[in-house]
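Visitor: I have a model open on my screen and would like to know how its descriptions are reached. Could you walk me through it?

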Amino acid sequence: MDRQSSIEHILDHFENPRHKGRMADADVQLGGGNPGCGDLITLYLKIGDEGKIDAVSFDGEGCTISQAGGSIIAEMVEGMTLAEVKELDSRTMMDEMGEDVVKSRVRCATLALGTLQGAVKLYEQNQQRATVGIDAVIGDEAIRFEN
Ligand code: FES
């Protein structure tokens, strides 16, 4: 993609975001922000069999690149496995958004991806806790049933 096409691609995703909106029945959601500017993004995921992303959406407010990044990454990861999502990195966003355009704005370009990967990690931690974890909460007390 040349510079002009990259800019048009980013603007298209910003103006017509894909997968934008809250997901009421998400398996996991996570908010992320860029402390430098206060821009925010929240990622919502539904995880299906074999650790595949069945549905993804995002919501947020911020600069054009950060919010276009949410739309671009959401479109890309639907149907991917969690393992595949963990392999993505800032290079992925540079390739998708045009290195020329975003190389001075890497934190904006990777805000959604970083948050998405954080959500995947959180989901895995929750799954682990559910497997090892507490069997019941009665009143304020957590009860573990031993075999
Ligand atoms: Fe805040 Fe881009 S200026 S994420």
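Visitor: At what angle do helix H2 (residues 64-77) and helix H7 (residues 111-132) pack, and how far apart are their axes?

Guide: Happy to help! This is a predicted model, and in it H2 and H7 pack at an angle of about 50°, with 7 Å between their axes.

Visitor: Why is H2 called oblique to H7?

Guide: Roughly parallel means under 35 degrees, roughly perpendicular means 65 to 115, and roughly antiparallel means over 145. An angle of about 50° falls outside those ranges, so H2 is oblique to H7.

Visitor: Which residues of H2 and H7 meet?

Guide: From H2 come Ser 66, Gly 69, Gly 70, Ile 73 and Val 77, and from H7 come Leu 111, Ala 112, Leu 113 and Leu 116. Sorted by class, this contact has six nonpolar residues, three polar ones and no charged ones. Glycine counts as polar in this scheme.

Visitor: What makes H1 and H2 roughly perpendicular to each other?

Guide: The axes of H1 (residues 3-15) and H2 cross at roughly 80° and come within 8 Å. The range for roughly perpendicular is 65 to 115 degrees, so that is the term for H1 and H2.

Visitor: Which residues of H1 and H2 meet there?

Guide: Ile 10, His 13 and Phe 14 in H1 meet Thr 64, Ile 65, Gln 67, Ala 68, Ser 71 and Ile 72 in H2. By class, the contact of H1 with H2 has five nonpolar, four polar and no charged residues.

Visitor: Is Phe 14 buried, exposed or partly exposed, and how do you know?

Guide: Phe 14, in helix H1, has 18 other C-beta atoms within 10 Å. Buried takes 20 or more and exposed takes 12 or fewer, so Phe 14 is partly exposed. Leaving aside neighbours within four places in sequence, Phe 14 is in contact with Thr 64, Gln 67 and Ala 68. The C-alpha atoms of Phe 14 and Ile 65 are separated by 7.7 Å, although these residues are 51 apart along the chain.

Visitor: How do you know that Val 102 is buried?

Guide: Val 102 has 22 other C-beta atoms within 10 Å. The cut-off is 20 or more, so Val 102 is buried. Val 102 is found in helix H5 (residues 99-102). Beyond neighbours within four places in sequence, its contacts are Ile 65, Met 93, Met 94, Met 97 and Ala 109. Val 102 also lies 9.6 Å from Ile 7, C-alpha to C-alpha, with their places 95 residues apart in sequence.

Visitor: What is notable about the phi of His 19 and of Glu 50?

Guide: Most residues other than glycine have a negative phi. His 19 has a positive phi, near 60°, and Glu 50 has a positive phi too, near 55°. His 19 lies in the loop between H1 and strand S1 (28-34), while Glu 50 is in the loop between S2 and S3.

Visitor: Are those two residues buried or exposed, and what makes them so?

Guide: His 19 has 20 other C-beta atoms within 10 Å, and 20 or more is the cut-off for buried, so His 19 is buried. Glu 50 has 7 C-beta neighbours inside 10 Å; exposed means 12 or fewer, so Glu 50 counts as exposed.

Visitor: How do you know that the span of H7 agrees with its number of residues?

Guide: At 1.5 Å a residue, the 22 residues of H7 should span 32 Å. The end C-alpha atoms of H7 are 32 Å apart, so the two values agree. The buried residues of H7 include Gly 114, Thr 115, Gln 117, Val 120 and Tyr 123.

Visitor: Which residues have the most contacts inside the largest nonpolar core?

Guide: They are Leu 43, Leu 45, Ile 73, Val 77, Ala 112, Leu 116 and Ala 119, in a core of 29 residues. H7 gives the most to this core, with seven residues. As for Leu 43, its contacts beyond four places in sequence are Gln 29, Leu 30, Phe 58, Ala 112, Thr 115, Leu 116 and Ala 119.

Visitor: And how many helices and strands does the chain have?

Guide: There are seven helices and five strands. Buried residues make up 33% of the 147 residues in the chain.

Technical notes
Residues numbered from 1 in each chain as written. Predicted model: local features only at pLDDT ≥ 70, side-chain atom pairs only at ≥ 80, totals over all residues. Axes fitted to C-alpha atoms, helices over the stretch in contact; angles between N-to-C directions. Helix = DSSP H or I, 4+ residues; strand = E, 2+ residues; numbered from the N terminus. Contact = placed C-beta atoms within 7 Å. Core = buried A, V, L, I, M, F, W, Y, C linked by C-beta atoms within 7 Å. Expected span 1.5 Å × (residues − 1).
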